[in-house]
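Student: I've got a chain open on my screen and I'd like to quiz myself on how it is put together. Can we go through it strand by strand?

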Amino acid sequence: MSDLSENHLNRRSFLSSAATVAVGSAAATTLTLPANAATPIVGAQAPLVYRRKLGNYEITVLGDGYIDLPHQIWANVSPADLDGHLSDAFVPTGSIRNGVNAYLINTGEKLILVDSGARDLFGPKAGLLPNNLAAIGVKPEDIDQVLITHIHPDHVAGLFTAEGKVTIPNAKVLVDEADLNFWTSESAQAQSIEMSKPWFDIARQWKKAFGDRISTFKGETDLGDGISSFPLPGHTPGHTGFRVESAGETLLIVGDVVISAAIQFANPDASAIWDTDAEDGKKSRRTVFDVAAKNRTLVTATHLPFPSFGYVDRRADGSYKWVPEEWRYAT
Ligand SMILES: [Zn+2]
């Protein structure tokens, strides 16, 4: 047998040489083994749950499913360039499959949820948060606090039903004051792009459902339990990141400062049409990328591919690279 060459890895020659080796005869070109039982194709992942220790805390990523976004949601990148980035990342071209994650922080004393998924507002492939909470045996009533990165429906709609009933019944909710003011403002809604107009109605329903259990903070604030907020304006006016620290380890939860790993690390100036201030958004994104790259800080963001933990590498040409953290076998 000759040395391994490209031809050997081509399916046809690989299979025929495998059959030849197995049967020991060049005449045999197919090799059919008996099957034990036909097993149905499942067509879905097991529960989207991933745990990671952070110091003394345990963070559980709870997948809410995914949303497919067409190229028209990008404000300043051509479809050809988008497909180029997707192709470079070895993912299908033509649209972006956008994961939706929420995070459960167990401090040992408290359960703190960060964002809540999309409920049924973005199609049947999202809204899995309740299933995945159930899969880890956490009851919604045991959650003490909810931190909101921003009041888009894919971040708050999982907290209440279409009828206005809260689904995380005992939690206090914290959100930046600027976001609450913006998403409940009639004039901001009137000036918004058409696509985002209904999101204001959802924000008001959310506010009504939680009433005085919603508290606000302003920009950079110590929220207790080793968690502090930091402003990341641009995606929305009060868009917020959370720094989580425990026993010397740090995680930055950066909301929607980046919504596509395949596109925005290669092109950090790529903006979605619904960013309320694209220039601020680019600045926030580059700042997060630069700080995370310089300090080698662990980062996660709502729409990065599950389980969404990783690091940012800065390249010589000014672009960035997303480096997913290796799977942790022992949390
Ligand atoms: Zn989002």
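Student: How many bridges join β3 to strand β4, and in which sense do they run?

Tutor: This is a predicted model, so take everything here as computed. β3 and β4 form a hairpin with four residues between them, and Gly-108 in the turn has a positive phi of about 100°. One of the pairs is Asn-106 with its bridge partner Leu-111 in β4. Strand β4 covers residues 111-114, and it runs antiparallel to β3, joined by four bridges.

Student: And which strand pairs with β3 over twelve bridges?

Tutor: Look for the bridge partner of Ile-96 in β3, which is Leu-69. That pairing is antiparallel, and the strand covers residues 57-70. So you land on β2.

Student: Is strand β3 largely enclosed or open, and how many of its residues are buried?

Tutor: To count as buried, a residue needs 20 or more other C-beta atoms within 10 Å of its own. Strand β3 spans residues 95-106, and it is largely enclosed by the rest of the structure because so many of its residues pass that test. The count is nine of the twelve.

Student: Zooming out, which strands stand at the edges of the sheet that runs from β1 to β7?

Tutor: The sheet is open, with seven strands in the order β1-β2-β3-β4-β5-β6-β7 and mixed pairing. An edge strand here has a single partner, so one side of it is left without a neighbour in the sheet. That picks out β1 (49-54) and β7 (214-217).

Student: What is the bridge partner of Leu-147 in β6?

Tutor: Start with the two strands: β5 is residues 145-147 and β6 is residues 172-176. They run parallel and are joined by three bridges. Across from Leu-147 in β6 you find Leu-174.

Student: Which residues touch the most other members of the largest nonpolar core?

Tutor: As background, nonpolar side chains tend to be buried together in soluble globular proteins. Take Leu-113: leaving out residues up to four places away in sequence, it touches Ala-102, Leu-104, Ile-143, Val-146, Ile-168 and Ala-171. The core has 74 residues, and the ones that touch the most other members are Leu-113, Val-114, Val-146 and Val-254.

Student: Now the other sheet: which are the edge strands in the one from β8 to β14?

Tutor: It is an open sheet of seven strands with mixed pairing, in the order β8-β9-β10-β11-β12-β13-β14. Inside it, β11 and β12 pair in the parallel sense over three bridges, with Ile-253 opposite Thr-300 in β12. The strands that pair on one side only are β8 (221-222) and β14.

Student: At about what angle does helix α10 run to β13?

Tutor: Helix α10 is residues 278-295. Follow it in the viewer and you'll see that it lies across β10, β11, β12, β13 and β14. Relative to β13, it runs at about 95°.

Student: Where is Ala-209 in the structure, and is it buried, partly exposed or exposed?

Tutor: The place of Ala-209 is in helix α8, residues 197-210. Its contacts include Phe-160, Gly-164 and Val-166, setting aside residues up to four places away in sequence. With 19 other C-beta atoms within 10 Å, it falls short of the 20 needed to be buried, so Ala-209 is partly exposed.

Student: Which loop holds Ala-247, and what is its phi?

Tutor: Most residues other than glycine have a negative phi. Ala-247 goes the other way although it is not a glycine. It is exposed, because only 12 or fewer C-beta atoms are allowed for that class and Ala-247 has 10 others within 10 Å. It lies in the loop between β10 (240-246) and β11 (249-253), and its phi is about 45°.

Student: Last one: which peptide bond is cis, with omega near 0°?

Tutor: Most peptide bonds are trans. For the cis one, go to the loop between β12 (298-300) and β13 (309-314), where Pro-307 is found. The bond is the one from Phe-306 to Pro-307.

Conventions. Residues numbered from 1 in each chain as written. Predicted model: local features only at pLDDT ≥ 70, side-chain atom pairs only at ≥ 80, totals over all residues. Pairing = 2+ DSSP bridges. Contact = placed C-beta atoms within 7 Å. Core = buried A, V, L, I, M, F, W, Y, C linked by C-beta atoms within 7 Å. Axes fitted to C-alpha atoms, helices over the stretch in contact; angles between N-to-C directions.
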